[in-house]
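Colleague: Before I use this model for anything further, I would like to go through its confidence, its packing and its chain-to-chain contact with you.

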Amino acid sequence: MLGPADWVIWFLATLFEALVVVCSLHRNAFRRYFFLNLYMLFSVLVSVGQFRVLIHYGRSSLEYRYFYFYSQALLVISLYFALISLYSLVFRELKVEQYVRFGAVLLLAGTAWFSYAAVNQSSSRMVTHFAFELSQNLYFVGLVLTYVLWGAILKLRETRALLVQVVLSLGVYFSAHAASYAISNLRPDLFFRMGYLLPVIGCLLPLAWAYAIWRVPEEARIEPARLAVAHR
Amino acid sequence: MSRKLTVVLFAMLVLTGAMGLKAVVTAHGNGSAALSANGVPIPTPF
């Protein structure tokens, strides 16, 4: 049974996700950050769908479990493409879009193959286990890709403030997810005590994106390379 | 050609790094923990 805090966090997360799309439309940034907005739109639709399935069938029903795992896989794949679109924005001046696309498809295919190999032994519900495994693996791929992208931003001296804020918030999100995953495996007892941490961070990602799109002008510049300079 | 090979190498490195990180994280568990990304309640496992 869900408590009031669960409902509030879920509602706020959905509200913030919709807010990203609204802010993008208002600032005429929908097409520029199309895949970020697509991810947020999917998130809103999935939340609404999960709410309906949860109300009709209950949390322990097979319908809710199937809907949850397949929709999470869809969401993570769309988040992966949102991250790749950030790569395209950062490397746009180098004219390497085709290589970014090629690498993205190759990496997604490699992750899918790895996930399939991991669940191949499981005979029952293999497709569901594959969807679950793929979504978890893509989170870790996304984490590594975000840190590589941050390194590229520092190296290329990228100065677009909006882009930097979007990438940094994504880095915090992926890091928190990986940390939660680690704690849930290493210390399950501790994980259940901090049960609201990951959902709250899940709320903060769309909030950070909405704030960045709403408040940071496209022409605003920042010097993230200075952050990496070690003063002696 | 060399650029494509570089992309292939990069993809393999990222995949290896990510799966290695996941293996380290799940070294003391079975890796079956389900996490909700967007505040959605996690269903009971199969």
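Modeller: Two residues are taken to be in contact if their C-beta atoms, placed from the backbone, lie within 7 Å. Please keep in mind throughout that this is a predicted model.

Colleague: With that cut-off, which residues does Val141(A) touch, not counting residues up to four places away in sequence?

Modeller: Val141(A) is one of the residues with the most contacts inside the largest nonpolar core, a core that has 69 residues. Leaving out residues up to four places away in sequence, Val141(A) touches Leu107(A) and Thr111(A) in its own chain and, in chain B, Val14(B), Leu15(B) and Ala18(B).

Colleague: Which element gives the most residues to this core?

Modeller: The elements of chain A that give two or more residues to it are H1, H2, H3, H4, H5, H6 and H8, and they are joined by helix H1 (2-25) of chain B. Among these elements, the one that gives the most, with 14 residues, is H3(A).

Colleague: How do the residues on the side of chain B that touches chain A divide into nonpolar, polar and charged?

Modeller: The secondary structure of chain B comes to one helix and zero strands, and 28% of its 46 residues count as buried. In the contact between the chains, 29 residues of chain B meet 44 residues of chain A. On the chain B side, those residues divide into 17 nonpolar, nine polar and three charged.

Colleague: Why are H6(A) and H8(A) described as roughly antiparallel rather than roughly parallel?

Modeller: Helix H6 (residues 161-186) of chain A packs against helix H8 (residues 197-215) of chain A with the axes 9 Å apart and at an angle of about 175°. Angles over 145 degrees count as roughly antiparallel. The pair meets through residues including Tyr173(A) and His177(A) in H6(A) and Ile201(A) and Trp209(A) in H8(A), and the residues of this contact divide into eleven nonpolar, four polar and no charged. Because of that angle, H6(A) is, relative to H8(A), roughly antiparallel.

Colleague: In which helix of chain A is confidence lowest?

Modeller: The model scores ipTM 0.85 and pTM 0.90. Chain A has a mean pLDDT of 87, with 92% of its residues at 70 or more, while chain B averages 78, with 63% of the residues scoring at least 70. Where pLDDT is low, the predicted coordinates should not be read in detail. Within chain A, confidence is highest in H2, at a mean of 94, and lowest, at a mean of 70, in helix H7 (residues 188-193).

Notes
Residues are numbered from 1 along each chain as its sequence is written. Chains are lettered from A and ligands numbered from 1 in the order in which they are written. This is a predicted model: local features need pLDDT of at least 70, side-chain atom pairs count only at pLDDT 80 or more; totals for chains, interfaces and linings use all residues. Ala, Val, Leu, Ile, Met, Phe, Trp, Tyr, Cys and Pro count as nonpolar, Asp, Glu, Lys and Arg as charged, and the others, Gly among them, as polar. Axes are lines fitted to C-alpha atoms, for helices over the stretch in contact, and angles run from 0 to 180 degrees between N-to-C directions. Helices (H or I, at least four residues) and strands (E, at least two) are DSSP runs, numbered from the N terminus. Angles under 35 degrees count as roughly parallel, over 145 as roughly antiparallel, 65 to 115 as roughly perpendicular and the rest as oblique. pLDDT is the predictor's confidence in each residue, from 0 to 100. A nonpolar core is a set of buried Ala, Val, Leu, Ile, Met, Phe, Trp, Tyr and Cys residues joined through C-beta atoms within 7 Å. A residue is buried if 20 or more other C-beta atoms lie within 10 Å of its own, exposed if 12 or fewer, and partly exposed in between; C-beta atoms are placed from the backbone.
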